[in-house]
Amino acid sequence: LGTTPDDRYYELVLGQERWRAVMTPSDDGIAILDADNQLVEFNPSFLRLADIRSEHGVPCNEESLDGRDLFSLLEADPQFAPVREVVELSRKKKKKKFRGVVIRGDRHIELSTAPIHLPVKGFAGTALTLHDVTAQKELEDASIEIARKNADITAILENLRQGVFTILPDGTVHSEYSVHLETLLNTKEIAGVDALEVLFQNTIGPRGQRDSVESLLLCLGEDYLFFEVNAHILPHEVIYDFDGCKKIVQLDWSAILSEDEMVEKILVSLRDVTELRRLEQERKEQEHKMRAIMTLTSVSPLEFMDFYIDSVAMLEALEHSIDVDRKPMPSARG
């Protein structure tokens, strides 16, 4: 139109073109509202992220949004009520802004506003920016969930009345193990120590138990089938001797697998069954006594009397034989 680089109109057109060049390809949604909250500029990302729909649930296109009052379109959505209040306040307060997260479909959108004030006209409208923070929100939620699970695991390891630890690929004990393991093995030197030393340092019994575990540790990093086929050689009960105090400990072994079914770690669980074994022995002795009593109670009174008389006669005969053996032999005369 005959403008020159020094012309104000030229500068205005150039500025608008530069603005569109930045705004159009942006992944963030950008929109400009005039003083009446009507959409006068917006990029494709705004249309996508705002997800504005008609009363019938049909997504609005660019033509249907151009020049429309944004808040009248979103009147039924309570999430945008605070945004409208901030925009109304920004007519008088230049620094009044809004920043928050709104839900659009399955996305979390961070929405921020900035009032536009001109030197002469004053309030001229509002700039809106939409930024998709769904991935960030999912990451935050995952971090919270991981932290919660870690707290749960820590609580379990602190209160579990069993010894639990993990054998790493290098054959050492993982730094996280149950607190009760220290009491069970009577040592605090566990994390980072060779698993065989931790398990068999104070045991009594055949050397073959340690050799079996040492052989199976070779399955670390190998296919799970190797562990499954050879798991039967693992000891399931060992006896510890701590300065004369014997402790019977039950062992359970489990393979921790990677995604490709390789043995990544080995989980070992230890349980003190000393008292349980003592009670089992007492139960067996009581059962033996009860069987003897039941045998006697099943005999008739007449049979028991015959047994008693025969037993007394046998005892008297044995006593007589003993007395005879005790008498000195008469000395022989020459």
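Q: Leaving aside its neighbours within four places in sequence, with which residues is L267 in contact?
A: In this predicted model, L267 has its place in strand β10. Once the neighbours within four places in sequence are set aside, the residues in contact with L267 are V164, F165, T166, D252, W253, S254 and I256.

Q: Is L267 buried, partly exposed or exposed?
A: Buried means under 20% relative accessible area and exposed means over 50%, with partly exposed in between. The relative accessible area of L267 is 30%, so this residue counts as partly exposed.

Q: Which members of the largest nonpolar core touch the most other members?
A: Nonpolar side chains in soluble globular proteins tend to be buried together. In this model the largest nonpolar core holds 30 residues, and elements that each supply at least two of them include β6 (163–167), β9 (245–257) and β10 (263–272). The members that touch the most others are F165, I167, W253, I266 and L270.

Q: Which element gives the largest share of this core?
A: Among the elements that each supply at least two residues of the core are the helices α7 (180–185), α8 (195–200) and α9 (208–216), together with strand β8 (237–242). The largest share amounts to 5 residues, and the element it comes from is α8.

Q: Which residues does I167 touch, not counting those up to four places away in sequence?
A: I167 is one of the core members that touch the most others. With residues up to four places away in sequence not counted, I167 touches T172, A195, L217, L220, W253, K265, I266 and V268.

Q: How many residues does the second, separate core have?
A: Apart from the largest core there is a second one, whose members include A31, F71, V87 and L128. This separate core has 26 residues.

Q: What distance separates the C-alpha atoms of L267 and A31?
A: A31 is a member of the second core, while L267 lies in strand β10. Along the chain these two residues are 236 residues apart, and the separation of their C-alpha atoms is 57 Å.

Q: What is the radius of gyration of the protein chain?
A: The chain contains 12 helices and 10 strands, and its C-alpha trace spans about 170 × 50 × 40 Å along the principal axes. For 334 residues the globule rule gives 20 Å, and the chain is well over that value, so it is more spread out than a compact globule, with a radius of gyration of 44 Å.

Q: What percentage of the residues in the protein chain is buried?
A: The protein chain exposes about 22,700 Å², of which carbon and sulfur atoms supply 55%. Of its 334 residues, the buried ones make up 29%.

How values were computed
Residues are numbered from 1 along each chain as its sequence is written. This is a predicted model: local features need pLDDT of at least 70, side-chain atom pairs count only at pLDDT 80 or more; totals for chains, interfaces and linings use all residues. Side-chain values use heavy atoms; hydrogens and water are left out. A nonpolar core is a set of buried Ala, Val, Leu, Ile, Met, Phe, Trp, Tyr and Cys residues joined through side-chain atoms within 4.5 Å. Buried means under 20% relative accessible area, exposed over 50%, partly exposed in between (1.4 Å probe, protein chains only). Helices (H or I, at least four residues) and strands (E, at least two) are DSSP runs, numbered from the N terminus. Contact means heavy atoms within 4.5 Å. The radius of gyration is taken over C-alpha atoms; the globule rule is 2.2 Å times the number of residues to the power 0.38. Accessible areas come from the Shrake-Rupley method with a 1.4 Å probe; for residues, only the protein chains shown count as cover.
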